[in-house]
Amino acid sequence: MEVKKMGKLKDRLSQVCGKCRKNVLARRIEGRYVNERETRLLVWECPSCNHLWRESNLATPKFKKHKIGDLNV
């Protein structure tokens with residue numbers, strides 16, 4: 001049962017890479033600009049071709065905007 005749940009979760013979080021067009025479970029990189037502590041930046045990286053993109057390619061985005069001081073980060 002747990003394997004089925006993980007498979008569904010992986011399918012839901014998979015994104016199509018804009019460069020290699022593969023359906024991948026992209027690595028999420030979280031950071032901020034130098035000298036802008038209030039800005040949170042999310043970047044995704046394709047594990048196949050290392051292409052980077054800033055906007056989520058998920059069918060229904062699951063991420064909300066946060067400030068660095070927010071407890072829910």
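These are my notebook entries on the salt bridges, strands and core of a predicted model.

**Entry 1. Salt bridges**

I searched the whole structure for salt bridges and found 3. I recalled the background: side chains of opposite charge can pair when their charged atoms come close.

I looked up Glu45 and found that it forms a salt bridge with Arg27, with the closest N and O atoms 3.0 Å apart. This pair links distant parts of the chain, since Glu45 belongs to strand S4 (residues 41-45) and Arg27 to strand S3 (residues 27-31), 18 residues apart. I then checked the accessibility of each partner. Glu45 has a relative accessible area of 17% and counts as buried because the limit for that class is under 20%. Arg27, at 40%, is partly exposed.

I turned next to Glu30. Its salt bridge with Arg28 has its closest N and O atoms 3.8 Å apart. Glu30 is partly exposed at 40% relative accessibility, and Arg28 is partly exposed at 38%.

Glu30 also forms a salt bridge with Arg40, where the closest N and O atoms are 3.3 Å apart. Here too the pair links distant parts of the chain: Glu30 is in strand S3, and Arg40 is in the loop between S3 and S4, 10 residues apart. I noted that Arg40 is buried, with a relative accessible area of 15%. I recorded Arg28, Glu30 and Arg40 as a network of salt bridges.

**Entry 2. Strand S4 and its partners**

How many of the residues of S4 are buried? I found 5 of its 5 residues buried, and I recorded the strand as mostly covered. In a regular strand the side chains alternate between the two faces of the sheet. In S4, I saw Leu41, Val43 and Glu45 pointing one way and Leu42 and Trp44 the other way, and all are buried.

I then looked for the strands that pair with S4. S3 and S4 pair in the antiparallel sense over 5 bridges. In this pairing, Gly31 stands opposite Leu41 of S4. On S5 (residues 52-53), I found 2 bridges joining this strand to S4, and the two run antiparallel. Glu45, which I had met as the salt-bridge partner of Arg27, stands opposite Leu52 in S5.

The hairpin of S4 and S5 has 6 residues between the strands, and there I noted that Asn50 takes a positive phi near 65°.

**Entry 3. The nonpolar core**

In soluble globular proteins, nonpolar side chains tend to be buried together. I therefore asked which residues make up the largest nonpolar core of this model. I found 7 residues in it: Cys17, Val24, Ala26, Leu42, Trp44, Cys46 and Trp53. Leu42 and Trp44 are the S4 residues that I had seen pointing the other way from Leu41, Val43 and Glu45.

I followed Val24 further. Leaving aside neighbours within four places in sequence, I found Val24 in contact with Leu13, Ser14, Gln15, Cys46, Pro47 and Ser48.

**Entry 4. Positive phi in two loops**

I checked the loops for residues other than glycine with a positive phi. Arg21 has a positive phi of about 65° although it is not a glycine. Arg21 is found in the loop between strand S1 (15-16) and strand S2 (23-24), and it is exposed at 58% relative accessibility.

Asn35 is also not a glycine, and its positive phi is about 70°. I located Asn35 in the loop between S3 and S4. Is Asn35 buried or exposed? At 78% relative accessibility, I entered Asn35 as exposed.

Technical notes
Residues are numbered from 1 along each chain as its sequence is written. This is a predicted model: local features need pLDDT of at least 70, side-chain atom pairs count only at pLDDT 80 or more; totals for chains, interfaces and linings use all residues. Side-chain values use heavy atoms; hydrogens and water are left out. A salt bridge is a side-chain nitrogen of Lys or Arg within 4 Å of a carboxyl oxygen of Asp or Glu. Helices (H or I, at least four residues) and strands (E, at least two) are DSSP runs, numbered from the N terminus. Buried means under 20% relative accessible area, exposed over 50%, partly exposed in between (1.4 Å probe, protein chains only). Two strands pair if DSSP finds at least two bridges between them. A nonpolar core is a set of buried Ala, Val, Leu, Ile, Met, Phe, Trp, Tyr and Cys residues joined through side-chain atoms within 4.5 Å. Contact means heavy atoms within 4.5 Å.
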